[in-house]
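Please open the model in your viewer and keep the sequence panel beside it. The tour below moves from the whole chain to single residues, with a selection to make at each stop.

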Amino acid sequence: MWFATKDGLCRYDGYNFIVYCESLVKESISNSKVRCIAEDAYKNIWVGTWGAGLHLLHDAYNPEKTTWTTFTHDENRSGTISDNLIYAISEDLNTNSLWVGTRSSLSILPMRNVETSRFYFENCYSGESENSITSSEVASLLRDRQGIMWIGMIGGGVNMANTRKAKFNLDRL
């Protein structure tokens with residue numbers, strides 16, 4: 001079981017707690033303010049922080065071998081995550097991609113990129129087109145049983161994305 005706390009990432013294996021925070025573990029997250037956690041279909045653990053970007057744990061269930069990849073925003077490089085303040089993480093099984101809600105936009109990482117270690121985020125900003133998200137701040141993400149992606153915005157209501165179609169629809173509610 002995984003827990004996001006303001007003091008780091010915690011894992012309980014049924015017997016012991018393991019705490020991953022910048023002050024306790026050398027190879028750990030770069031910021032102890034963990035905002036959200038998600039496990040994808042490949043058993044990867046994704047960790048969103050409050051100001052230090054997105055972290056991917058490799059071998060998350062084997063503490064002796066756990067390593068980290070950190071994704072941070074770089075305004076001088078295209079394809080980086082849109083912001084270092086992460087609100088939400090969810091996986092879209094229809095498009096085989098990871099959706100990350102940030103303070104600035106919705107960042108989408110195709111999972112095939114993770115398998116090849118070529119990390120390139122597609123960022124969806126508010127106001128880009130008539131089908132764009134209604135607000136910059138994506139505060140929550142949810143995939144329902146039908147595979148519909150729900151996007152909760154700060155100051156922009158709720159958007160619904162049907163990703164089962166070749167070019168997915170974004171509906172504003």
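What follows is a walk through the model, one selection at a time.

**The whole chain**

Begin with everything displayed as a cartoon, and bear in mind throughout that this is a predicted model. Colouring by secondary structure should bring out one helix and 15 strands. If you then colour by accessibility, buried residues account for 46% of the 173 residues in the protein. Switching to a surface representation shows an accessible area of about 9400 Å², with 47% of that area belonging to carbon and sulfur atoms. As for how the chain is connected through space, 38% of the contacts between residues at least 6 apart in sequence join residues at least 24 apart.

**A nonpolar patch on the surface**

With the surface still on, select Met1, Phe3, Phe17 and Val19, which form a nonpolar patch with about 400 Å² of accessible area together. Within this selection, centre on phenylalanine 17, which is found in strand E3, covering residues 17-20. Is phenylalanine 17 buried or exposed? Its relative accessible area is 55%, so it counts as exposed, the threshold being over 50%.

**Aromatic pairs**

Hide the surface and show the rings as sticks; the count comes to five aromatic pairs. Select tryptophan 50 and tyrosine 87, an edge-to-face pair whose centres are 5.9 Å apart and whose planes make an angle of 70 degrees. Tryptophan 50 lies in the loop between strand E5 (45-49) and strand E6 (54-58), while tyrosine 87 belongs to strand E8 (residues 86-92), so the pair ties together parts that are 37 residues apart in sequence. The two partners can be told apart by their exposure: tryptophan 50 is partly exposed at a relative accessible area of 39%, whereas tyrosine 87 is buried at 11%.

Next, select phenylalanine 71 and phenylalanine 119, which also form an edge-to-face pair, with 4.7 Å from centre to centre and 75 degrees between the planes. Here phenylalanine 71 comes from strand E7 (residues 67-71) and phenylalanine 119 from the loop between helix H1 (111-116) and strand E11 (122-124), so the pair ties together parts that are 48 residues apart in sequence. Phenylalanine 71 is buried, with a relative accessible area of 7%, and phenylalanine 119 is partly exposed, with 26%. Extend the selection to Trp46 and Phe121, and you will have the cluster in which ring pairs link Trp46, Phe71, Phe119 and Phe121.

**A salt bridge between two loops**

Side chains of opposite charge can pair when their charged atoms come close. A search of the whole structure finds one salt bridge, and to view it you should select aspartate 83 and arginine 103, where the closest N and O atoms are 3.1 Å apart. The pair links distant parts of the chain, since aspartate 83 sits in the loop between E7 and E8 and arginine 103 in the loop between E9 and E10, 20 residues apart. Aspartate 83 counts as buried at 8% relative accessibility, while arginine 103 is partly exposed at 40%.

**A buried serine**

Now centre on serine 105, in the loop between strand E9 (97-102) and strand E10 (106-110). Serine 105 counts as buried, its relative accessibility being 0%. Which side chain makes a polar contact with the side chain of serine 105? The partner is the side chain of serine 82, at 2.8 Å. To see the surroundings, add the residues that serine 105 touches beyond four places away in sequence, namely Ser82, Val100, Asn123, Cys124, Tyr125, Ile133, Ser136 and Val138.

**Two positive phi angles**

Finish with the backbone, recalling that most residues other than glycine have a negative phi. Select lysine 43, which has a positive phi of about 70 degrees although it is not a glycine. Lysine 43 is placed in the loop between strand E4 (34-39) and E5, and its relative accessible area of 55% makes it exposed. Then move to aspartate 59, another residue other than glycine with a positive value, its phi being near 55 degrees. Aspartate 59 lies in the loop between E6 and E7 and counts as partly exposed, at 47% relative accessibility.

Methods:
Residues numbered from 1 in each chain as written. Predicted model: local features only at pLDDT ≥ 70, side-chain atom pairs only at ≥ 80, totals over all residues. Heavy atoms only, no water. Patch = residues over 30% accessible without salt bridge, like charges linked within 9 Å, V, L, I, M, F, W, Y side chains within 5 Å. Areas by Shrake-Rupley, 256 points an atom, 1.4 Å probe, with all protein chains shown as cover. Salt bridge = Lys/Arg side-chain N within 4 Å of Asp/Glu carboxyl O. Helix = DSSP H or I, 4+ residues; strand = E, 2+ residues; numbered from the N terminus. Buried < 20%, exposed > 50% of the residue type's maximum accessible area, 1.4 Å probe, protein only. Phe/Tyr/Trp six-rings, centres within 6.5 Å; stacked < 30°, edge-to-face > 60°. Polar contact = N/O pair within 3.5 Å; in protein donor to acceptor, adjacent residues only side chain to side chain. Contact = heavy atoms within 4.5 Å.
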